[in-house]
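Reader: I would like a close look at one part of this model, the nonpolar interior, and then a careful walk outward from there to the surface. Please take your time and connect the pieces as you go.

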Amino acid sequence: MAKVVVVTSGKGGVGKTTSTAAIGAALAQSGDKVVVVDFDVGLRNLDLVMGAERRVVFDLINVIQGDAKLHQALIRDKRLENLSILPASQTRDKDALTSEGVANVIAELKEKFDWVLCDSPAGIERGPALAMHHADIAIVVTNPEVSSVRDSDRIIGLLDSKTARAMRGERVEKHLLLTRYDPARAARGDMLKVEDVLEILSIPLLGIIPESQEVLRASNIGVPVTLNAPETSPARAYQDAVRRLRGESVDIVVPQERRSFVDRLFGRRVA
Amino acid sequence: MSIFHFFRKKPSANIARERLQILLAHERSVFGKSDLVARLQEEILAVIRRHMEVDPDKVQVKLDRGDHVSTLEIDIEVPLAAAQKVA
């Protein structure tokens with residue numbers, strides 16, 4: 001049975017699209033059929049982060065409005081044949097998304113794929129609401145920072161009340177993905193601790209992605225970090241998160257700062 | 001911990017946590033209304049709309065559960081034009 005996953009956050013710029021690409025690629029590497037769907041109509045970026053920006057012909061809105069068939073709009077990833085991208089429209093606005101149209105597209109995707117990963121736009125309006133509506137599982141992407149935590153709390157409330165599952169009296173399975181975690185700032189006591197965020201949001205932890213240049217490098221060249229640099233700490237953190245998503249039990253490792261004795265003595269941090 | 005530790009500013013993460021806990025306790029009570037209250041609000045609004053046009057934001061339903069007495073508070077602001085039509 002296909003699973004619909006929404007990657008959401010409320011706040012913008014916390015790493016939804018990067019995480020969708022990294023998780024989508026890691027899921028596909030395990031052999032499952034995966035599609036990543038960009039719901040950010042008017043501000044599409046998943047195609048760019050996945051390196052497929054020059055291969056977009058038709059998009060989600062074309063499919064919803066009947067101007068293209070679903071298979072015409074799906075872009076197959078060049079590196080992983082069981083990974084596809086359904087891009088958002090860049091020219092239309094969010095009003096072109098109808099709830100009936102979205103329902104039909106999701107139903108069709110569920111027949112073709114094992115995982116349907118929906119990359120939500122920021123905010124709490126219509127776009128994010130439609131992106132989360134059909135979700136079985138939600139990945140709430142949060143930075144250890146006050147405004148991100150507050151917005152995540154709001155999104156969790158919406159997942160519990162406005163989704164199709166909530167309306168049927170069922171629950172959406174919610175997971176916290178803590179991104180841009182900076183061990184040096186955590187060690188100094190200047191960043192919310194993992195347990196603080198968990199206590200406040202009270203949903204289970206899917207993974208902690210350390211702040212890393214590798215994440216930016218990956219999006220610069222249009223390759224998900226899990227494919228571009230699979231041995232690096234952020235890629236490993238995403239791979240572990242995917243294993244947990246698939247139901248495996250993997251111990252959570254809180255990223256630690258690596259400092260020498262001299263650095264420690266003078267309070268210097270690693271570059 | 002470095003030898004310069006004592007000259008540093010106080011860590012700010014604890015302040016962040018406390019501010020969030022206070023803020024979210026409040027916000028959850030505002031946004032996280034129970035299903036019963038949400039449904040009541042919707043149905044009360046539908047009944048009133050059969051007779052007059054009211055702004056959905058001007059219908060407030062509040063449920064306070066006390067140990068001995070619970071109160072249901074319904075506050076509806078009726079626009080002047082609609083009120084005159086009914087009267």
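Author: In this predicted model, the largest nonpolar core has 52 residues, and the members that touch the most others in it are A:Phe39, A:Leu86, A:Leu97 and A:Leu109. Helix H7 of chain A, residues 146-159, gives the most to this core, with five residues. As a general matter, nonpolar side chains in soluble globular proteins tend to be buried together.

A:Leu97 shows what such a position looks like in detail: setting aside residues up to four places away in sequence, A:Leu97 touches A:Phe39, A:Val41, A:Leu60, A:Ile61, A:Ile64, A:Val102, A:Arg126 and A:Leu130. One of these partners, A:Phe39, is itself named among the residues that touch the most other members of the core. Apart from this core lies another, of 38 residues, which includes A:Leu83, A:Leu177, A:Ala218 and A:Val223.

Two further residues of chain A help to show how buried positions are surrounded. A:Gly10 sits in the loop that runs between strand S1 (3-8) and helix H1 (16-29) of chain A, and A:Gly10 counts as buried because its relative accessibility is 11%, where the limit for that class is under 20%. Beyond its neighbours within four places in sequence, A:Gly10 is in contact with A:Ala122, A:Gly123, A:Asp151 and A:Ile155. The pairing with A:Gly123 spans 113 residues in sequence, although the two C-alpha atoms are 4.8 Å apart in space.

The second residue is A:Thr226, which belongs to helix H12 (residues 225-228) of chain A and, at 0% relative accessibility, is counted as buried. A polar atom of the A:Thr226 side chain lies 2.8 Å from the backbone oxygen of A:Ala22. A:Ala22 is also one of the contacts of A:Thr226 once neighbours within four places in sequence are left aside; the others are A:Ala25, A:Ala26, A:Gln29, A:Ala235, A:Tyr238 and A:Gln239.

From these buried positions we can turn to charged pairs. Side chains of opposite charge can pair when their charged atoms come close, and a search of the whole structure finds 17 salt bridges over all chains. In one of them, A:Glu211 and A:Arg180 meet through their side chains at 3.3 Å, N to O. A:Glu211 lies in the loop between strand S8 (205-210) and helix H11 (213-221) of chain A, while A:Arg180 lies in strand S7 (residues 173-181) of chain A, so this pair ties together parts that are 31 residues apart in sequence. Both ends count as partly exposed, A:Glu211 with a relative accessible area of 39% and A:Arg180 with a relative accessibility of 43%.

Another salt bridge joins A:Glu231 to A:Arg236, with the closest N and O atoms 2.4 Å apart. Here A:Glu231 is classed as exposed, at 58% relative accessibility, whereas A:Arg236 is partly exposed, at 41%. Elsewhere, salt bridges that share partners link A:Asp136, A:Arg165, A:Arg168 and A:Glu170 into one network. Within that network, A:Glu170 and A:Arg168 form a salt bridge whose closest N and O atoms are 3.2 Å apart. A:Glu170 is partly exposed, with a relative accessible area of 37%, and A:Arg168 is exposed, at 53% relative accessibility.

Chain B completes the walk outward. Chain B has three helices and two strands, and its elements, taken from the N terminus on, run α-α-β-β-α. Of its 87 residues, 18% count as buried. Among contacts in chain B between residues at least 6 apart in sequence, 34% join residues at least 24 apart. The area that chain B exposes is about 7200 Å², of which carbon and sulfur atoms supply 57%.

Part of the nonpolar surface can be located: B:Leu72, B:Ile74, B:Ile76 and B:Val78 make a nonpolar surface patch of about 290 Å². B:Ile74, one of these four residues, has its place in strand S2 (residues 70-76) of chain B. At 41% relative accessibility, B:Ile74 counts as partly exposed, whereas A:Thr226, at 0%, counts as buried.

Definitions and conventions. Residues numbered from 1 in each chain as written. Chains lettered and ligands numbered in written order. Predicted model: local features only at pLDDT ≥ 70, side-chain atom pairs only at ≥ 80, totals over all residues. Heavy atoms only, no water. Patch = residues over 30% accessible without salt bridge, like charges linked within 9 Å, V, L, I, M, F, W, Y side chains within 5 Å. Areas by Shrake-Rupley, 256 points an atom, 1.4 Å probe, with all protein chains shown as cover. Helix = DSSP H or I, 4+ residues; strand = E, 2+ residues; numbered from the N terminus. Buried < 20%, exposed > 50% of the residue type's maximum accessible area, 1.4 Å probe, protein only. Polar contact = N/O pair within 3.5 Å; in protein donor to acceptor, adjacent residues only side chain to side chain. Contact = heavy atoms within 4.5 Å. Core = buried A, V, L, I, M, F, W, Y, C linked by side-chain atoms within 4.5 Å.
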